[in-house]
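Q: Could you take a close look at the largest pocket of this protein with me? I would like to know what lines it and how it sits in the whole.

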Amino acid sequence: MYRTVEERLQQLEQTVEKQAFQIRLLQSLVENYEQYKLYQHVISSGMSERCFNHLKSMTYAYEQKLKNNETVTLHDFIRAFERVLIEHDVDVPSSFVADFIPKWLCGTMGSKGFSTVLHAHFYR
């Protein structure tokens, strides 16, 4: 429970921020249908826009490491992914993360992911 009015207001602001982000994702599906299934998973995880953007930039950084011939392992990527989720207070089970990462990278059911290069490196 939240003890002070400030704590309650802060929690309410975070909730509103997450819901506003989810609404924007749903609206963007009209323009970007190829990521529909992936965005459904993002919405179901309850992540905030900051978390979403942090994961996208982290994914890009890993992709750049791979392009620079640095060693990039799936284990390291999963740990970094989970750290971002924890940092942004996204509480999802490990099974969700294990299922979500391939979808995040390559998409699902014909949808587009955020790094087919990393997906090919990790899963093929």
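A: Here is a walk around the pocket, followed by the protein that holds it.

A quick note before we start: this is a predicted model, in which local features need pLDDT of at least 70 and side-chain atom pairs count only at pLDDT 80 or more, while totals for chains, interfaces and linings use all residues. Residues are numbered from 1 along each chain as its sequence is written, and side-chain values use heavy atoms, with hydrogens and water left out.

Rolling a probe the size of a water molecule over the atoms shows where empty space is left. On a 1 Å grid over the protein atoms alone, a pocket is an open set of points where a 1.4 Å probe fits, with protein on both sides within 12 Å along at least five of seven lines. The largest pocket has a volume of about 260 Å³, counted as the space filled by probe spheres set on the points.

Its lining is made up of 13 residues, each with an atom within 4 Å of a point. Nearest the centre of the pocket lie Q14, K18, S48, H88 and D89. Helix 1 (residues 5-31) gives the largest share of the lining, seven residues; a helix here is a DSSP run of H or I with at least four residues. By type, the lining has one nonpolar, six polar and six charged residues, where Asp, Glu, Lys and Arg count as charged, Ala, Val, Leu, Ile, Met, Phe, Trp, Tyr, Cys and Pro as nonpolar, and the others, Gly among them, as polar.

Stepping back, the protein has six helices and zero strands. Its C-alpha trace spans about 50 × 30 × 25 Å along the principal axes.

Notes
Helices (H or I, at least four residues) and strands (E, at least two) are DSSP runs, numbered from the N terminus.
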